[in-house]
Amino acid sequence: MWLKIADFVLKYRVLLIVLVLGITAFMGVQATKVRMSYDSTGAIPKDNPKYKALKDFQDKFGGGGGNAMVLGVQSDQLFTPEHFAAYGKLINDLKAIKNVTGILSINDAVSLSQDSTKKLSTKKVFNLEQPATAMAGKLKLDSLPIFDGLLYNKASNAYLMMINIDKVALNSKERVRIVDDIVKAGEQFKSATNIEVHYSGLPYIRTQMAEKIKHELNIFLVLSLCLTAIILLIIFRSFTAMIVSMLIVSIGVVWSMGTLAMFGYKISILTGVIPPLIVVIGIPNCIYFLNKYHTEYNLCGDKTKALRNMVGKMGIVTLFTNLTAAIGFGVFGLTNSQVLKEFGIVSGINIMALFFVSLFLIPAIFSYLPAPKTNQTKYTESKWMNKTLDILVKWVFNHRKAVFLGTLALCVLGGVGMMKLKSVGYMVDDLPAKDVIVKDLKFFEKNFKGIMPLEITVDTKKKFGALTSLETWEKVDSLTRFLEAQPEVGAAITLTKGAKFFRQGFFGGAVADYTLPSSTEFQSLRTQLVSTFNKLQKSDTDTAAVQANQFSQLLYSFVDSNAQTLRISVNVADIGSVEIPKLVNERIQPLVNQLFEKDKYEVNITGGSITYLEGSIFIIDSLKESLAWAFGMILVCIIILFRSTKVVIVALITNIVPLLITAGIMGLLNIPLKPSTVLVFSVALGITVDVTIRFLVNYKQEAHKHDSVAETVKHTIRDTGMSIIFTSIILVVGFGVFAVSDFGGTQALGYLTALTLFLAMIFNLTLQPALLLAWDKKKGAKKDIAPGA
């Protein structure tokens, strides 16, 4: 059948070349439409309870911390006239930025006091127009506990500014411009005052990481193309072979980017590595085909016949190697995680597409080119390569016990290491500690205990229940004080703290009066609260009144439109996917259950911190599931291809061992299981099986030519060893490119996959043939045919 396919390709070569180039042109146009992704919620499915809880919260209150960027400074000289004037200019510059919808800073701090008519009036603590009064304002600020830990840290002289950004703009390309403008304003303040400015918040972190991905995508592409081109040139000593191979993988890159755009997908930290992966995975196709072409040409001396035999013998091998690689990646498309689904679908489709591009273009193009020259096929008789293969054959035949014992020892070590594997993820754990994003995050964790939003809603199940029950306020206040006492939780903002602030102002402003109202005081307060709430609900028609007291409006935004549900908003440190559930389930939830009766209240805990880390956990679980699917589907392919129990078991052992050793090394080196490192196993499995299939198909083809398994094994090592070693070098170097990434996860994907592929090469050329010999029922004198025996 494959010879007929070869005849078809050679007969219709012009049509096939035009077809491939036409599709490439179309995909190239589509590729120009692909955009960057700045969203993190795609990690978990929309029917996930925690995702639904966040969406319900956002529908009720908006925000949830996902559209707020924070800016921080630390200085004991901020309130000098010159520095405070610059700080005021920074605030005004930020307000002037398009799509910035609001700013909350110490400039919004207000004090309350009774006027001559015994009514409470508000007065701003600071006046940006009068920087000379800033120090007096600082003294007043220190007497208002509600702001300490929220807008500033009294003990460390650190000051925070929360910048709200339009959610629609955040999900568009405008996001980069907005963040850049904010940083530009901050750097102008730094230049004027020599005070360091720190930036954080989910919009900032996601935008900066997305831009890093975009930058690295270009670096990875260039490096992978250049390195593979150099290696191909060294191997084949032919610019023609190198250029054709580069053309094929470049077409694969264009098709992959076009596929992203056609499906409406965006470039994420996962889909961003697809193009360089296509380069790395596509090159083995070229090596397998060209190596067989040169070998056949050396045997027959006829170019056309060599091309026919190339397709006839390598077509089935390359089909199944691409199929198993596509399965290894494509199974991610079976998960419920959107980011994994996109990665799996696009990579799986394009790996198979690359097979057809290679099958069509290599014989078609080389049929027009001159026959290979002697120096271009001389590598097939390389002395160092033949010497290496002789050593491998000698180990397989003469030192089989050492191979088995060495493998067993490594597997035991791998098993010990696996017992130490831990699964944990952090918001910025893929970035090095020296990265400015991490440093700035640590600044906010040190001074404000973090910036990851955690939201708690208390539904009273009654309209105006959030404003008319002192008992509810007392429960919420107890929970709030407990939260603020936790070392990893920052200052809370909720309506009850506003009520305490209100009472402080009513009784003269003393810090001791910053408490909840008594039952008597609350009775006289209820009517005023409901009346004020109703006025603020009409803010669209009375913007002047709202602007007069922005902080009051903020406090009332912590109840829903029916004044039925209260919101407690805090920020937490980036304590990781293991500690966040402990904080919520083992500390917060028990107190919630104790304080709030289920028949009277419904309490939900959500926020960007919950869904962000839930996404990491979900991806890890999905990757484990997809690995099992990949293993099963690849096993079916091997069974269909060989239909031999012995061969299937040999293939399984050969591919499990490298994965086991890599997992053990991860455990011993304390490399945690997280999305990027779990991804290694599915990726590596899909690729390492290619090498196994390459060896076993050749073994099957050689079997009828020889009287014994030993002779067949020896010839198979010699026939396949060269292409396996060359392709493994390409793969190891190709994945090694990812080690230059700024992202720890991408680095891990690179060096762990490279390690696994290197181990797979060793075991495919030693353990695999040794197992075939050990299970051979024909116990001939194998030593007699071993080289050097």
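Modeller: Let's begin with a term: a residue is buried when its relative accessible area is under 20%. The model we are looking at is a predicted one.

Colleague: Thanks, that helps! What percentage of the residues of the chain count as buried?

Modeller: The chain folds into 28 helices and ten strands, and its C-alpha trace spans about 110 × 50 × 45 Å along the principal axes. With the cut-off of under 20% in hand, the share of its 789 residues that count as buried is 57%.

Colleague: Now to the cavities. Which helix gives the most to the lining of the second largest cavity?

Modeller: The search of the whole structure turns up four cavities of 30 Å³ or more, and the second largest has a volume of about 100 Å³. Helices α10, α11, α25 and α26 each supply at least two residues of its lining. With four residues, the top contributor is α10.

Colleague: How many residues of that lining are charged?

Modeller: The lining includes Ile281, Asn285, Thr321, Asp690 and Leu731. Its residues divide into six nonpolar and four polar, and the number of charged ones is one. Asp counts as charged, so the residue in question is Asp690.

Colleague: Threonine 727 is in the lining too. Is threonine 727 buried or exposed?

Modeller: Threonine 727 sits in helix α26. Beyond its neighbours within four places in sequence, threonine 727 is in contact with Pro284, Ile287 and Tyr288. Its relative accessible area is 1%, so threonine 727 is buried.

Definitions and conventions
Residues are numbered from 1 along each chain as its sequence is written. This is a predicted model: local features need pLDDT of at least 70, side-chain atom pairs count only at pLDDT 80 or more; totals for chains, interfaces and linings use all residues. Side-chain values use heavy atoms; hydrogens and water are left out. On a 1 Å grid over the protein atoms alone, a cavity is a set of points where a 1.4 Å probe fits but cannot get out, and a pocket is an open set with protein on both sides within 12 Å along at least five of seven lines; lining residues have an atom within 4 Å of a point. Grid points are joined across faces, edges and corners, and a volume is the space filled by probe spheres set on the points. Buried means under 20% relative accessible area, exposed over 50%, partly exposed in between (1.4 Å probe, protein chains only). Contact means heavy atoms within 4.5 Å.
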